[in-house]
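I opened this notebook to record what I looked up, residue by residue. The entries follow the order of my searches.

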Amino acid sequence: MTPELMIKACSFYTGHLVKTHFCTWRDIARTNENVALAEKMNRAVTCYNFRLQKSVFHHWHSYMEDQKEKLKNTLLRIQQIIYCHKLSIILTKWRNRARLKSKKKEDELIFFYLSLKDVIICGQVNHAWMLMTQLNSLWNAIDFSTVKNVIPDKYILSTLQRWRLNVLRLNFHGCLLRPKTFRSVSHCRNLQELNVSDCPTFTDESMRHISEGCPGVLYLNLSNTTITNRTMRLLPRHFHNLQNLSLAYCRGFTDKGLQYLNLGNGCHKLIYLDLSGCTQISVQGFRYIANSCTGITHLTINDMPTLTDNCVKALVEKCSRITSLVFTGAPHISDRTFKALSTCKLRKIRFEGNKRVTDASFKYIDKNYPNLSHIYMADCKGITDSSLRSLSPLRQLTVLNLANCVRIGDMGLRQFLDGPASIRIRELNLSNCVRLSDVSVMKLSERCPNLNYLSLRNCDHLTAQGIGYIVNIFSLVSIDLSGTDISNEAFCKSSLILEHLDVSYCSQLSDMIIKALAIYCINLTSLSIAGCPKITDSAMEMLSAKCHYLHILDISGCVLLTDQILEDLQIGCKQLRILKMQYCTNISKKAAQRMSSKVQQQEYNSNDPPRWFGYDREGDPLTELDNVTPSKGASELTVEKSTYSSEEQAA
């Protein structure tokens with residue numbers, strides 16, 4: 001063997017071996033590649049299927065989410081419908097119950113405006129009305145004074161026994177009762193207000209029982225009773241919270257009784273005290289009051305001719321909180337009283353019929369009483385224009401009454417109106433201030449933008465021109481021009497909000513004025529045209545057709561009016577409550593009787609007018625007049641004046 005052959009043989013063997021192994025490797029590689037490819041294909045198919053499933057699931061998921069949202073909205077809508085339906089049912093039931101309750105409450109409220117006698121009668125109508133009269137709140141306040149002449153003691157006893165826990169206020173004014181009846185009040189443990197004024201059978205023994213059983217009384221009116229010092233001893237021992245006490249016209253107690261007010265806890269919470277007519281009280285008595293009742297803020301002492309400056313001085317030494325003071329019928333009070341009151345923070349003062357109070361009392365009034373808001377100084381002859389000048393700086397003054405202060409003239413009123421007091425003045429009474437003229441009215445119209453109530457009664461120096469200035473006071477609600485010479489309908493055209501008007505005894509007042517009044521002053525609630533002989537049915541017919549809110553009407557002395565006006569009033573003035581027809585010669589008694597059932601209060605007679613009216617039954621002026629001047633104080637009109645005041649306050 002040659003080397004060449006050996007190399008060739010080795011090369012052949014190596015090549016064959018490589019070829020054999022390569023083929024084997026190739027076959028194996030091809031097999032592995034097919035397996036890998038198949039595996040990849042499987043993975044690709046799996047991945048494709050997964051993606052396909054994912055896409056389908058996504059669409060399905062979106063669809064399901066959309067369906068869920070729709071279902072949720074549907075359920076929410078159904079819930080809202082159910083809620084609205086339930087709410088509608090609830091509101092319907094509530095409305096029906098509210099209407100029923102409101103109707104029942106309205107029916108019940110009617111009983112609160114009825115007197116005790118009427119409530120009892122209503123309770124006998126039927127079972128439903130009887131139940132409504134058994135309301136606890138209806139018996140919180142019982143006024144026996146309205147039925148004092150018809151109700152027996154046994155009924156009062158049974159009523160107090162039944163409602164003893166509900167009664168808060170009792171009024172026995174003027175009742176003539178047995179002592180046993182008064183003792184039954186002691187069962188009303190929650191009683192807060194008690195009025196036994198003008199009860200002649202009320203005694204110290206009655207007061208003893210009440211004081212032991214009713215310690216929570218805040219208001220106690222013992223005026224004009226026969227109480228003595230025994231009762232005065234009981235007050236501080238039992239009524240520790242007493243705030244309002246009236247001893248007016250009680251003449252049975254003495255100064256010693258007033259000394260008892262300081263016993264025990266005393267009456268230190270007392271803020272209102274009325275000692276009117278207690279002429280037995282001396283200076284020492286007022287000193288006792290000052291020691292025991294230091295918190296008094298409202299003091300009333302009327303009809304006290306024995307009241308002197310020393311009495312007031314002794315009282316205010318320790319009672320420096322007094323803000324309201326009323327001295328009517330105290331002729332011996334003088335300027336010294338005003339000086340003594342300088343330590344108090346007075347806001348309201350009232351003096352009437354005093355001749356000793358002079359301009360000196362008002363000299364430093366703006367410094368001593370800067371917060372004065374109400375001043376009543378009627379019929380004080382010592383007041384002149386100088387006093388009005390002193391009042392002008394009072395910035396808080398809203399009410400000023402200087403009626404019958406005959407020494408006041410245009411100069412004083414002008415000086416008063418030039419000050420800051422005129423801006424806030426709301427009520428001004430200048431009745432019978434005969435020195436005032438048109439100049440004063442003109443100044444009023446310029447300086448009083450907030451004036452609501454004005455009285456110029458019997459200011460006979462006023463002319464039609466002066467009354468014409470009143471139209472510029474747009475805030476006027478009530479005006480009294482009786483006894484003046486009013487003849488100008490322009491006044492009515494500019495007084496659109498007027499509610500109260502008194503033009504009685506204005507002899508020149510004609511139908512034209514009343515017709516203008518009916519057209520422009522439709523809000524009238526009170527009208528007095530007494531003593532106006534020129535008024536006829538024609539004017540009253542228009543007044544009835546326009547003034548539907550009229551409550552009070554006085555046509556006394558209107559001799560030309562006939563039965564026709566009563567028919568007109570029934571049709572147009574359905575709210576009319578008080579009608580006065582004195583000296584109406586052409587109104588028949590039969591027509592007046594029919595009208596009486598339509599109003600709460602009526603005064604009527606067909607007598608000839610008194611001579612001081614100045615005309616006869618036909619309305620013609622008298623040739624010879626008695627020396628009597630028209631006056632609101634005449635007997636026929638006394639009731640009218642008091643009724644007018646109460647109705648005005650109620651309005």
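**Entry 1. A buried serine in helix α6**

I note at the outset that the model is predicted. I began with Ser-206 and asked whether this residue is buried or exposed. Ser-206 counts as buried, at 1% relative accessibility. I located Ser-206 in helix α6. I then listed its contacts, setting aside neighbours within four places in sequence, and found Pro-179, Phe-182 and Thr-201.

**Entry 2. Salt bridges of helix α6**

I stayed with helix α6, which covers residues 204–213. I looked up Arg-208 and found a salt bridge with Glu-205, in which the closest N and O atoms are 2.5 Å apart. Both residues belong to helix α6 and are three residues apart, about one turn of the helix. Arg-208 is partly exposed at 25% relative accessible area, and Glu-205 is partly exposed at 31%. I followed the shared partners and recorded one network of salt bridges that joins Glu-205, Arg-208, Glu-212 and Arg-230.

**Entry 3. Other salt bridges**

I asked how many salt bridges a search of the whole structure finds. The search returned 13.

I examined Asp-153 and found that its salt-bridge partner is Arg-178, with 3.5 Å between the closest N and O atoms. This pair links distant parts of the chain, 25 residues apart. Asp-153 lies in helix α4 (residues 153–162), whereas Arg-178 lies in the loop between β2 (169–171) and α5 (179–183). I also checked the accessibility of each partner. Asp-153 is buried at 13%, while Arg-178 is partly exposed at 45%.

I next examined Lys-70, which forms a salt bridge with Asp-66. The closest N and O atoms of Lys-70 and Asp-66 are 3.5 Å apart. Both residues lie in helix α1, four residues apart, about one turn of the helix. I recorded Lys-70 as partly exposed at 46% relative accessible area and Asp-66 as partly exposed at 37%.

**Entry 4. A nonpolar patch**

I remained with helix α1, which spans residues 3–112. I asked which residues make a nonpolar surface patch of about 360 Å². They are Leu-71, Leu-75, Ile-78 and Ile-82. I confirmed that Leu-75 lies in helix α1, and its relative accessibility of 46% makes it partly exposed.

**Entry 5. Positive phi values**

I turned to the backbone angles. Most residues other than glycine have a negative phi. I noted Asn-224 for its positive phi, near 60 degrees. Asn-224 sits in the loop between β4 (219–221) and α7 (229–238) and is partly exposed at 40% relative accessibility.

I noted Asp-379 as well, where phi is positive and near 60 degrees. Asp-379 belongs to the loop between β10 (374–376) and α13 (385–391). Its relative accessibility is 27%, and I entered it as partly exposed.

**Entry 6. Cysteines**

I searched for disulfides and found zero. I then asked why Cys-547 has no bond to Cys-573. The sulfur of Cys-573 is the closest cysteine sulfur to that of Cys-547, but the two are 6.8 Å apart and therefore too far for a bond. The cut-off that matters here is 2.5 Å between the sulfur atoms. Cys-547 is buried, with 0% relative accessible area.

I looked up Cys-584 next, which is likewise in no disulfide. The nearest cysteine sulfur to Cys-584 belongs to Cys-558, at 6.1 Å. Cys-584 is buried, also with a relative accessible area of 0%.

**Entry 7. Ser-422 and its surroundings**

I looked up Ser-422 and placed it in helix α15 (residues 421–424). Ser-422 counts as buried, at 0% relative accessibility. Beyond neighbours within four places in sequence, I found Ser-422 in contact with Leu-417, Arg-447, Cys-448 and Pro-449. I also checked Ser-422 against His-85, which is 337 residues away along the chain. Their C-alpha atoms are separated by 63 Å.

**Entry 8. Domains**

I closed with the domain assignment of the chain. This assignment gives domain 1 as 60–107 and domain 2 as 530–620. I asked how far apart the C-alpha centres of domain 1 and domain 2 lie, and recorded 63 Å.

Methods:
Residues are numbered from 1 along each chain as its sequence is written. This is a predicted model: local features need pLDDT of at least 70, side-chain atom pairs count only at pLDDT 80 or more; totals for chains, interfaces and linings use all residues. Side-chain values use heavy atoms; hydrogens and water are left out. Buried means under 20% relative accessible area, exposed over 50%, partly exposed in between (1.4 Å probe, protein chains only). Domain bounds come from an automatic or database domain assignment. Helices (H or I, at least four residues) and strands (E, at least two) are DSSP runs, numbered from the N terminus. Contact means heavy atoms within 4.5 Å. Patches are made of residues with over 30% relative accessible area and no salt bridge: like charges are joined within 9 Å, nonpolar side chains (Val, Leu, Ile, Met, Phe, Trp, Tyr) within 5 Å. Accessible areas come from the Shrake-Rupley method with a 1.4 Å probe; for residues, only the protein chains shown count as cover. A salt bridge is a side-chain nitrogen of Lys or Arg within 4 Å of a carboxyl oxygen of Asp or Glu.
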